[in-house]
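Me: I would like to work through this structure by asking about its core, its helices and its charged pairs. Could we take them in turn?

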Amino acid sequence: MISLMGLSGLAFGEQVGVDGARMWNGPEYTRFVVDLAGPIEHKVFALENPHRLVVDLIDARLESDLPAPAGDDRVVAGLRSGVRAGDDLRIVLDLKQPVRAKSFELAPNKEYGHRLVIDLSPRARTASAQQALPAERPARRDLVIAVDAGHGGKDPGAVGPNGTREKDITLAIARKLATRIDDHPGMRAVLVRNDDRFIRLRQRIAIARKHRADLFVSIHADAFHDRRVRGSSVFTLSAGGATSEAARWLAERENRADLIGGVDLKQRDDLLASVLIEMSQNATIELSSIAAAKVLAKLQRLGEVHQQRIQQAGFAVLKSPDIPSMLVETAFISNPDEEKRLRDTNYQNELAAAILEGIVEYFGEYPPPGTRFAKSPPSALSKAAMASAQRYRIQSGDTLSEIARNHNVNLSVLRDLNQLQGDQIRSGQVLIIPGS
């Protein structure tokens, strides 16, 4: 028996209710969060043969089910619980390998009550395992797409005339989309939820940011009281939603470790922090609109769309200031014909294929630097394109993406040709614009 943690947070009196638990599987560690009705005393220790992590909660009782770990979790294989010494709750995490554990308690905030947080990371590799690793990692990384299945758990979403629940449809389509993303070279999917669980809206953003997603796609099915209404639509964040979110980030920056474009807001004064947030949001909203337009165009090929243009709304899941985000309403589950189509596996595959096609087209034109989607250098441009190149002097208010779009030029080619490291440009600067 290896003792990892001591005692913390003495609690007296009645048993503390354990309202449930949550688990996130990250690239470096797995986080296990226990939701509590109040402060608690706890012990954490490890057992071997087989590997287990034991969490003893003193004078506590379990009031809801424990979650099932994700199938691809590198650390946790399963969870179980039982009563110990009459009044204590014991939670056992069955492990796939030895771990290092760190536990700490969090006080209530606006969204959560008391919490016990346990981070589990694999122990350092042995020397022989380290030698087996390649000497160098690939210079370019895969794109990361966060696929969010709307609703889940206690939130069924809309329900169709024949009892079809939105949360089931969105999960089925999200899984199919994630599989197609993983099968596409240079791309990797992160499923925000891969089972029937409830995840708060801002937690969905946090999961995407934790995995450093390049794009966030939330899958939904629309509903209306008029059952004749039908068709797909795609939403991005509205200006009003962006303004309120900027104010929230500015107000909370002292209490969070989030980064905006690689800049820690806690180290900036109010004015500079506000400007940095606005700059990041403007670029993100512009890219979100471009990506959403690509997806909507592909959905139009499947049939009728409810709105011919990208719609804007203040949906909470679209409010990440540094990840281009869209919400796809695949069809109206309230329409009996579309409800039937949404239940059909073939149609779900068609929807997933259309969404992926739009995503691939977007990243083909706007690949993040350092990804496998980044285009080849300007030497790949044809002689005709270079022969007909023109010069453009940047005006006040211009953005690089607008210039690329107005001249029908790939944004990454424009960057490479003008030896730009990012999208920052200045008034009076002259760009070389290749011919078509």
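**Core, helices and charged pairs**

Reply: In this predicted model, the largest nonpolar core has 52 residues, and those that touch the most other members are Ile-145, Val-217, Met-326, Val-328, Leu-342, Ile-355 and Ile-359.

Me: Which element contributes the largest share of this core?
Reply: Two of the residues that touch the most other core members, Ile-355 and Ile-359, are among the buried residues of H7. The largest share of the core, 9 residues, comes from H7.

Me: Which residues of H7 does Ile-145 touch, leaving aside residues up to four places away in sequence?
Reply: The contacts of Ile-145 include Ile-181, Met-187, Val-190, Leu-215 and Val-217. H7 covers residues 345-365, and the list for Ile-145 also holds Ile-359 and Phe-363.

Me: How many residues does the second, separate core have?
Reply: Apart from the largest core there is a separate one, whose members include Leu-36, Val-55, Ile-91 and Ala-101. The size of this second core is 27 residues.

Me: How far does helix H7 reach from its first C-alpha to its last?
Reply: H7 has 21 residues, for which 30 Å is expected at 1.5 Å a residue. The span in the model is close to that expectation, at 31 Å.

Me: Which residue offers a side-chain oxygen to a backbone nitrogen at the start of H7?
Reply: The backbone nitrogen in question belongs to Asn-346, and the side-chain oxygen comes to within 3.2 Å of it. The residue that carries this oxygen is Asp-344.

Me: Why does the salt bridge between Lys-294 and Glu-365 tie together separate parts of the chain?
Reply: The closest N and O atoms of Lys-294 and Glu-365 are 3.0 Å apart. Because Lys-294 lies in helix H5 (residues 270-300) and Glu-365 in helix H7, the pair joins parts of the chain whose separation in sequence is 71 residues.

Me: Is Lys-294 buried or exposed?
Reply: Its partner Glu-365 has 30% relative accessibility and counts as partly exposed. Lys-294 has 16% relative accessibility, and because the cut-off for burial is under 20%, Lys-294 counts as buried.

Me: Which residues are linked with Lys-294 in a network of salt bridges?
Reply: The pair of Lys-294 and Glu-365 belongs to a network of salt bridges. Linked with Lys-294 in this network are Lys-298, Arg-301, Glu-357, Glu-361 and Glu-365.

Me: How many residues apart are Lys-167 and Asp-196, whose side chains meet in a salt bridge?
Reply: The N to O distance in this salt bridge is 3.0 Å. Lys-167 lies in helix H2 (residues 166-183), whereas Asp-196 lies in the loop between strand E12 (187-191) and helix H3 (201-210). Lys-167 counts as buried at 5% relative accessibility, while Asp-196 counts as partly exposed at 43%. The pair links distant parts of the chain, 29 residues apart.

Me: What is the relative accessible area of Arg-228, which meets Asp-226 in a salt bridge?
Reply: The side chains of Asp-226 and Arg-228 meet at 3.0 Å, N to O. Asp-226 is partly exposed, with a relative accessible area of 22%. Arg-228 is exposed, with a value of 68%.

Me: Which residues does Glu-286 touch, not counting those up to four places away in sequence?
Reply: Glu-286 lies in helix H5, and its C-alpha is separated by 8.6 Å from that of Ser-401, 115 residues apart along the chain. The residues touched by Glu-286 are Thr-399, Ser-401, Glu-402 and Arg-405.

Terms used
Residues are numbered from 1 along each chain as its sequence is written. This is a predicted model: local features need pLDDT of at least 70, side-chain atom pairs count only at pLDDT 80 or more; totals for chains, interfaces and linings use all residues. Side-chain values use heavy atoms; hydrogens and water are left out. Helices (H or I, at least four residues) and strands (E, at least two) are DSSP runs, numbered from the N terminus. The expected span of a helix is 1.5 Å times one less than its number of residues. Buried means under 20% relative accessible area, exposed over 50%, partly exposed in between (1.4 Å probe, protein chains only). A polar contact is a pair of N or O atoms within 3.5 Å; within protein, one must be able to donate a hydrogen and the other to accept it, and residues adjacent in sequence count only if both atoms are side-chain atoms. A salt bridge is a side-chain nitrogen of Lys or Arg within 4 Å of a carboxyl oxygen of Asp or Glu. A nonpolar core is a set of buried Ala, Val, Leu, Ile, Met, Phe, Trp, Tyr and Cys residues joined through side-chain atoms within 4.5 Å. Contact means heavy atoms within 4.5 Å.
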